Amino acid sequence: MTPDDEVVKAGAARAYRLVVAGRDYPVGRRCVIGRNLSADIVLDEDPLVSREHAQLVFADGVLWVEDLNSANGVMVGETPVDGRCQVRDGDVLMIGSSRLTVRQAGARQSERTRRAGATTMRARLPVADTRALELLATVVDKALSLGNVAEAERILGPALDQQLVAVAAQRGFVSERQRELITSYALRVAEAARRGEWLERLFEVFRVGGATMPQETVDGVYGMVTKVAYPQPRHLKAYVEYLQGDSARLTAAERFGLRRLEGLVARLSPR
């Protein structure tokens, strides 16, 4: 291979980049993605990302993504990567709970729109991904089983923040499974940490999502309040006010749940 050929290949490799949370990263001939600070793209705030999770390799005029034996795998769109997979402009990679969009300089807009379409648009919005939640749940389970409550809180905090944004963008929960996971792990971590802040965050998610708490969730929260140190019930109050403003559409069971929450507000508010 001549030096000129090398220059051409290097230029072709540089034409690719990854877009992560609005930031552009050049790919080059090899780009490692992981939690290690030595990685080319560092995702150290995502607990589902392995130290060296994946790499992008430009070879023979083609860009490939390779799974580096990560714990939670790599997805291209909705397809798991088995070993390695070719990627093109507009493809969305799922690495842990992080989404990375492949871009190629000079790609035709019509081709990009045809291939990426709604997938690329979804990647630009906060997405409540049930698969990512389920993976996070296994990590939280492991931390709690080892008695490492602080680690469970560290993992769940950013996840709930992300879900709050996603639920607001979607104006509700995308699935019953998503709601169940958020509720279950907020209650579990609240009990393990004995901190009512997690219940407050749960009320905020339900209010922003415009959702009515199922009776079993209200019962779980009601029983939990006596076991935790509860802060000022700011989000509980806001959620109760939201339900009161929409009480005409509530079922009899939901109105009963509202009365229980109103009782909690009175119980927790300073006298």
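# Exercises on loops, cavities and a pocket

N69 has a relative accessible area of 78% and is exposed (over 50%; under 20% is buried, anything between is partly exposed, using a 1.4 Å probe and protein chains only). The model is predicted: local features need pLDDT of at least 70 and side-chain atom pairs pLDDT 80 or more, while totals for chains, interfaces and linings use all residues. Residues are numbered from 1 along each chain as its sequence is written, and side-chain values use heavy atoms, without hydrogens and water.

**Exercise 1. Find the loops that hold N69 and D60, and give phi for N69 and D60.**

Step 1. N69 sits in the loop between β6 and β7 (74–76). Helices (H or I, at least four residues) and strands (E, at least two) are DSSP runs numbered from the N terminus.

Step 2. Phi of N69 is near 55°, which is positive although the residue is not glycine.

Step 3. D60 belongs to the loop between β5 (54–59) and β6. Its phi is near 55°, again a positive value in a residue other than glycine.

Step 4. With a relative accessible area of 70%, D60 is exposed.

**Exercise 2. Describe the protein overall and locate the stretches with pLDDT below 50.**

Step 1. The protein has 9 helices and 11 strands. Of its 271 residues, 46% are buried.

Step 2. Take contacts (heavy atoms within 4.5 Å) between residues at least 6 apart in sequence: 55% of them join residues at least 24 apart.

Step 3. The mean pLDDT (the predictor's confidence in each residue, from 0 to 100) is 82, and 85% of the residues reach 70 or more. Among the elements, strand β6 (residues 62–67) has the highest mean, 95, and helix α2 (residues 109–124) the lowest, 38.

Step 4. Residues 1–11 have pLDDT below 50, and this stretch makes 7 contacts in the model beyond near neighbours in sequence. Residues 109–128 also fall below 50, with 32 such contacts.

**Exercise 3. Count the cavities of 30 Å³ or more and work out what lines the largest.**

Step 1. Rolling a probe the size of a water molecule over the atoms shows where empty space is left. On a 1 Å grid over the protein atoms alone, a cavity is a set of points where a 1.4 Å probe fits but cannot get out; a pocket is an open set with protein on both sides within 12 Å along at least five of seven lines; lining residues have an atom within 4 Å of a point. Points are joined across faces, edges and corners, and a volume is the space filled by probe spheres set on them. The count is 2 cavities of 30 Å³ or more.

Step 2. The largest cavity has a volume of about 80 Å³. Its lining consists of L133, L136, A137, V140, L156, A159, L160, L181, I182 and Y185.

Step 3. Helices α3, α4 and α5 (176–193) each give two or more residues to this lining. The largest share, 4 residues, is from α3.

Step 4. Sort the lining by type: 10 residues are nonpolar, none polar and none charged. Here Ala, Val, Leu, Ile, Met, Phe, Trp, Tyr, Cys and Pro are nonpolar, Asp, Glu, Lys and Arg charged, and the others, Gly among them, polar.

**Exercise 4. Describe the second largest cavity, then the surroundings of P214 and T217.**

Step 1. The second largest cavity holds about 40 Å³ of space. It is lined by T212, M213, V218, L243, E254, G257, L258 and L261.

Step 2. Helix α9 (residues 252–268) supplies the largest share of this lining, 4 residues. By type, the lining has 5 nonpolar, 2 polar and 1 charged.

Step 3. P214 is in the loop between α6 (197–208) and α7. At 16% relative accessibility, P214 is buried. Neighbours within four places aside, P214 contacts R179 and F206. The C-alpha atoms of P214 and G257 are 8.0 Å apart, although 43 residues separate the two along the chain.

Step 4. T217 is part of helix α7 (residues 215–224). T217 is buried, at 4% relative accessibility. Leaving aside neighbours within four places in sequence, its contacts are R179, T183 and L202.

**Exercise 5. Which residues lie closest to the centre of the second largest pocket?**

Step 1. The volume of this pocket is about 220 Å³. Of its 15 lining residues, P47, V139, K142, E151 and I155 are closest to the centre.

Step 2. α3 (130–145) and α4 (149–170) each contribute at least two residues to the lining of the second largest pocket. This lining comprises 8 nonpolar, 3 polar and 4 charged residues.
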